[in-house]
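Thanks for coming. I will go through one model today, and I will keep to what can be read from the coordinates.

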Amino acid sequence: MLLDAYRLDGTRLWRIDLGRNIRAGAHYTQFIVYDLDGDGRAELACKTADGTVDGRGRVIGDASKDYRSLEVQTDGLRVQDAADRRYGKVLAGPEYLTIFDGLTGAALVTTAYVPGREPQDGWGGVGGNGGTDNNGNRVDRFLAGVAYVDGRLPSLIMARGYYGRSVLAAWDWRRGQLTSRWVFDSGSAPPPYPNPAASPYSGQGNHSLSVADVDSDGRDEIVYGAMVVDDDGTGLFSTGLRHGDALHVGDLDPARPGLEVFGIHENEEATVELNTPGLAMFDARTGRIVWSLLPGGDVGRGLAADIHPGHAGHEVWTNAPVGLLDARGTRIADAPSTVNFAVWWDADPLRELADANWIGKWHWTSGTITRLLTATGASANNGSKATPALAADILGDWREEVIWRAEDNESLRIYTTTTPASNRLFTLMHDPQYRVAVAWQNVGYNQPPHPSFFLGEGMPPPPHPRISVRARAYGTR
């Protein structure tokens, strides 16, 4: 697994080789780039191991170690280690957290990763996708983010687990010192579920997270799928909606006070009797379910974006046959044919759709999509989810640029709209929620970033950005 940093002219600044003891993949290799100490320059933070080589060629730990589970010979046949799907996984050896200098790639500090992997069979949940295992599946599910939990400077959030036990650790990087702020541990929830002894916060995680000030106290909370962890590291609430694959947090319904959370949820075999919904929207401050659909359903894709000018707020849709829903959960039309990603691209405040290597405009009158850009020679990431490397307002006119990799994997391409805006807004990176959303966007399954205010048809003037130490801290992935 290699991490490279480049100037915009293509000059490579440094390369970090995470080494053979770090498993590469969307679930396993989360990294955060952000100005963690407010000095105007970004750091990089990620999980490391014996044999990681920093941007100056210095080795972390013992370079001779190889902790990968390897195939063994039995009667002349090649079989997997212990016959339990552990082959190639790293389930032994120390796990580290390292802060790297953003300019040079030099390792600044290395400490033990929190939480550790033991017990390896203690991270499962319930039936199906959530069942307990000891073959390195659920124990090797990681998330990461950055949050202003003190309302002033950013803290690094590193996490492990979401099908069952979930542990989040908040770290502060200040004046060259890395310190633990708090650790949230949901505890285990062994099957069968519901278990009276199980934590209500177990099994609520997602394939991504979001960060937002859900209670308007000036400090960020971590929206960890179907639950929220407060700024002090205690559980704020759990909805009990359980695990899902897509998550959207913002002012999705401007007619309601505060923020809302829209998510989709999987049908876990042992929770069918709970009738947990396949999709739902809940109040981000209280956890109250605003509406839900498909009890007992299994929904794999979901998107929230304002794409219809005739209905206030965001529309939501999924790969399930429920159609295009308004912010109140009422069907208003057939859903668009794509549910992968969304970007602000043209002149109006409605959001456009992105899929594979193209951006398109959905027409509410005909239900069709017109291509606005086809990035010939570019490719998307994450398999059938077909998401870009990054989509964000990095140039500063409030519309979003899209970064794709070239088909030959030899370069990154930055695409920007050529349509002049018909309005004027502050750059979205001035909004604290949008800024940290860009930092976590590529953690797990890519999700589009949302600001803390409603940006869409009929929007009121957005709040004036809080330009402070908090707003100056920056970073993109």
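P119 sits in the loop between β10 and α1. The peptide bond leading into it from E118 is cis, with omega near -10°. P115 lies in that loop between β10 and α1 as well, and the bond from V114 to P115 is also cis, with omega near 5°. For context, most peptide bonds are trans. Please keep in mind that this is a predicted model, so these are computed angles.

Two residues have backbone angles worth a look. N382, in the loop between β31 (378-379) and β32, has phi near 65°, a positive value in a residue other than glycine. W398 is not a glycine either, and its phi is positive, about 85°. That residue belongs to the loop between β32 and β33. How do they stand in terms of cover? N382 is partly exposed, at 26% relative accessibility, while W398 is buried, at 1%.

Staying with the loop between β32 (390-392) and β33 (401-406), L395 is found there too. L395 counts as exposed, with 60% relative accessibility. Together with L8, I394 and I414, L395 makes a nonpolar surface patch of about 440 Å².

Now the overall picture. The protein has 3 helices and 34 strands. Of its 477 residues, 58% count as buried. The exposed area is about 18400 Å², and carbon and sulfur atoms supply 50% of it. Among contacts with a separation of 6 or more, 56% are between residues 24 or more positions apart.

Which strand would I pick to show the interior? I would take β9, residues 96-101: 6 of its 6 residues are buried, so the strand is largely enclosed by the rest of the structure. Y96, T98 and F100 point one way, and L97, I99 and D101 point the other way. Both sets are buried, and the aspartate D101 is among them.

β9 has pairings with β4 and β10. With strand β4, residues 43-48, the pairing is antiparallel over 6 bridges, and C46 stands opposite T98. With strand β10, residues 107-112, β9 also runs antiparallel, joined by 5 bridges. There, I99 stands opposite V109. β9 and β10 form a hairpin with 5 residues between them, and G105 in the turn has a positive phi of about 80°.

Helix α2, residues 432-440, is mostly covered as well, with 9 of its 9 residues buried. The buried residues in α2 include Q433 and R435 along with Y434, V436, V438 and W440.

On to the nonpolar cores. The largest has 40 residues, and those touching the most other members are Y34, L36, L156, L168, W182, I222 and Y224. What does L168 contact, leaving aside neighbours within four places in sequence? The list is I157, M158, A159, W182, V183, F184, I222, Y224 and V229. Apart from this core lies another, of 16 residues, among them W344, A389, A392 and L425. In soluble globular proteins, nonpolar side chains tend to be buried together.

Last, the charged pairs. The structure holds 24 salt bridges. One of them joins the side chains of R15 and D4 at 2.8 Å, N to O. R15 is in strand β2 (residues 12-17) and D4 in strand β1 (residues 2-6), so the pair ties together parts that are 11 residues apart in sequence. R15 is partly exposed, with a relative accessible area of 34%, and D4 is partly exposed too, at 28%.

R219 and D217 form another salt bridge, at 3.2 Å. R219 is partly exposed at 32%, and D217 is partly exposed at 29%.

Is the pair of E260 and R256, which meet in a salt bridge at 3.0 Å, buried or exposed? E260 is buried, at 0% relative accessibility. R256 is buried as well, at 14%, given that buried means under 20%.

There is also a network of salt bridges that links R23, K47, E95, R117, D140 and R160. Of these, K47 falls within the range of β4, residues 43-48.

To close, the places I would like us to view together are the two cis bonds, into P115 and into P119, and the buried W398 with its positive phi.

How values were computed:
Residues numbered from 1 in each chain as written. Predicted model: local features only at pLDDT ≥ 70, side-chain atom pairs only at ≥ 80, totals over all residues. Heavy atoms only, no water. Salt bridge = Lys/Arg side-chain N within 4 Å of Asp/Glu carboxyl O. Helix = DSSP H or I, 4+ residues; strand = E, 2+ residues; numbered from the N terminus. Buried < 20%, exposed > 50% of the residue type's maximum accessible area, 1.4 Å probe, protein only. Patch = residues over 30% accessible without salt bridge, like charges linked within 9 Å, V, L, I, M, F, W, Y side chains within 5 Å. Areas by Shrake-Rupley, 256 points an atom, 1.4 Å probe, with all protein chains shown as cover. Pairing = 2+ DSSP bridges. Core = buried A, V, L, I, M, F, W, Y, C linked by side-chain atoms within 4.5 Å. Contact = heavy atoms within 4.5 Å.
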